[in-house]
Amino acid sequence: MPGVPLQHVLLVGLVLFALGLYTVLTRRNAIGILMGIELLLNAANVNYVAFARYSGAPTDGQIFAIFVIMLAAAEAAVGLAIVLGIYRNFESIDVDATRLLRH
């Protein structure tokens, strides 16, 4: 990324974060919420790698990004298991259906 200024990369991270946050807050579908969380984590990865590239510490950002990718994989596995459990009990993946779990 020799010709791309840091501000442009941070803008991409901001857009990814905003889209992920919007998706998490507006979706009622559990799969959509998981996809929004993935966008949030990818926005963090973009920022980690960008700051590492422009700060002069070339491997720190990549290490954090790999850690976040592993965290996202674990989150997806656990999240999909929860979604399957919700589907088995309610035959829907609408997160509003889980409101019955409170009673």
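In this predicted model, helices α2 and α3 run roughly antiparallel to each other. The angle between them is about 175°, and their axes sit 9 Å apart; since anything over 145 degrees counts as roughly antiparallel, the label follows from the angle. Helix α2 covers residues 30-55, and helix α3 takes in residues 60-90.

Quite a few residues take part where the two helices meet. On the α2 side, the contact is made by Ala30, Ile31, Leu34, Ile37, Glu38, Leu41, Asn45, Tyr48, Val49 and Ala52. Facing them from α3 are Gly61, Gln62, Phe64, Ala65, Val68, Ile69, Ala72, Glu75, Ala76, Gly79, Leu80 and Val83. Sorted by class, this contact has 16 nonpolar residues, along with four polar and two charged ones. A general point about helices helps in reading such lists: an α-helix has 3.6 residues a turn, so residues three or four places apart point the same way.

Now for α2 by itself. This helix has 26 residues and stretches 38 Å from its first C-alpha to its last, close to the 38 Å expected at 1.5 Å a residue. At its N-terminal end there is a cap, provided by Asn29: a side-chain oxygen of Asn29 lies 2.9 Å from the backbone nitrogen of Ile31. Past the other end comes Gly56, which follows α2 and has a positive phi, near 100°.

The buried residues of α2 are Ala30, Gly32, Ile33, Leu34, Gly36, Leu40, Leu41, Ala43, Asn45, Ala50 and Ala52. Their cover includes α3 and also α1, the helix made of residues 6-26.

Two of these buried residues give a picture of that cover. Asn45 is a member of α2, and its relative accessibility is 9%; with the cut-off for buried set at under 20%, Asn45 therefore counts as buried. Leaving aside residues up to four places away in sequence, Asn45 touches Phe64, Ala65, Val68 and Ile69. Those four residues are also among the α3 residues that make the contact with α2. Ala50, which lies in α2 as well, is buried too, with a relative accessible area of 1%. With the same sequence neighbours left out, Ala50 touches Leu6 and Val9, and both of those numbers fall in the range given for α1 (6-26). As for Thr23, 27 residues from Ala50 along the chain, the C-alpha atoms of the two are separated by 24 Å.

Helix α3 also has a length that fits expectation. Its 31 residues should span 45 Å at 1.5 Å a residue, and the end C-alpha atoms are 44 Å apart, so the two values agree. The buried residues in this helix are Gly61, Ala65, Val68, Ala72, Glu75, Gly79, Val83 and Ile86, and what they pack against is α2.

Ala73 and Ala74 tell another part of the α3 story. Ala73 belongs to α3 and is partly exposed, with a relative accessible area of 48%. Ala74, also placed in α3, is partly exposed at 42% relative accessibility. Each can be set against a residue elsewhere in the chain. From Ala73 to Val12, 61 residues apart along the chain, the C-alpha separation is 22 Å. For Ala74 and Val24, 50 residues apart along the chain, the C-alpha atoms are separated by 18 Å.

Right after α3 comes Glu91, with a positive phi near 55°. Most residues other than glycine have a negative phi. Glu91 shows its positive value although it is not a glycine. This residue sits in the segment after α3; at 66% relative accessibility, and with the cut-off for exposed at over 50%, Glu91 therefore counts as exposed. Both helices of the pair are thus followed by a residue with a positive phi: Gly56 after α2, and Glu91 after α3.

Methods:
Residues numbered from 1 in each chain as written. Predicted model: local features only at pLDDT ≥ 70, side-chain atom pairs only at ≥ 80, totals over all residues. Heavy atoms only, no water. Axes fitted to C-alpha atoms, helices over the stretch in contact; angles between N-to-C directions. Parallel < 35°, antiparallel > 145°, perpendicular 65-115°, else oblique. Contact = heavy atoms within 4.5 Å. Nonpolar A, V, L, I, M, F, W, Y, C, P; charged D, E, K, R; others polar. Buried < 20%, exposed > 50% of the residue type's maximum accessible area, 1.4 Å probe, protein only. Expected span 1.5 Å × (residues − 1). Polar contact = N/O pair within 3.5 Å; in protein donor to acceptor, adjacent residues only side chain to side chain.
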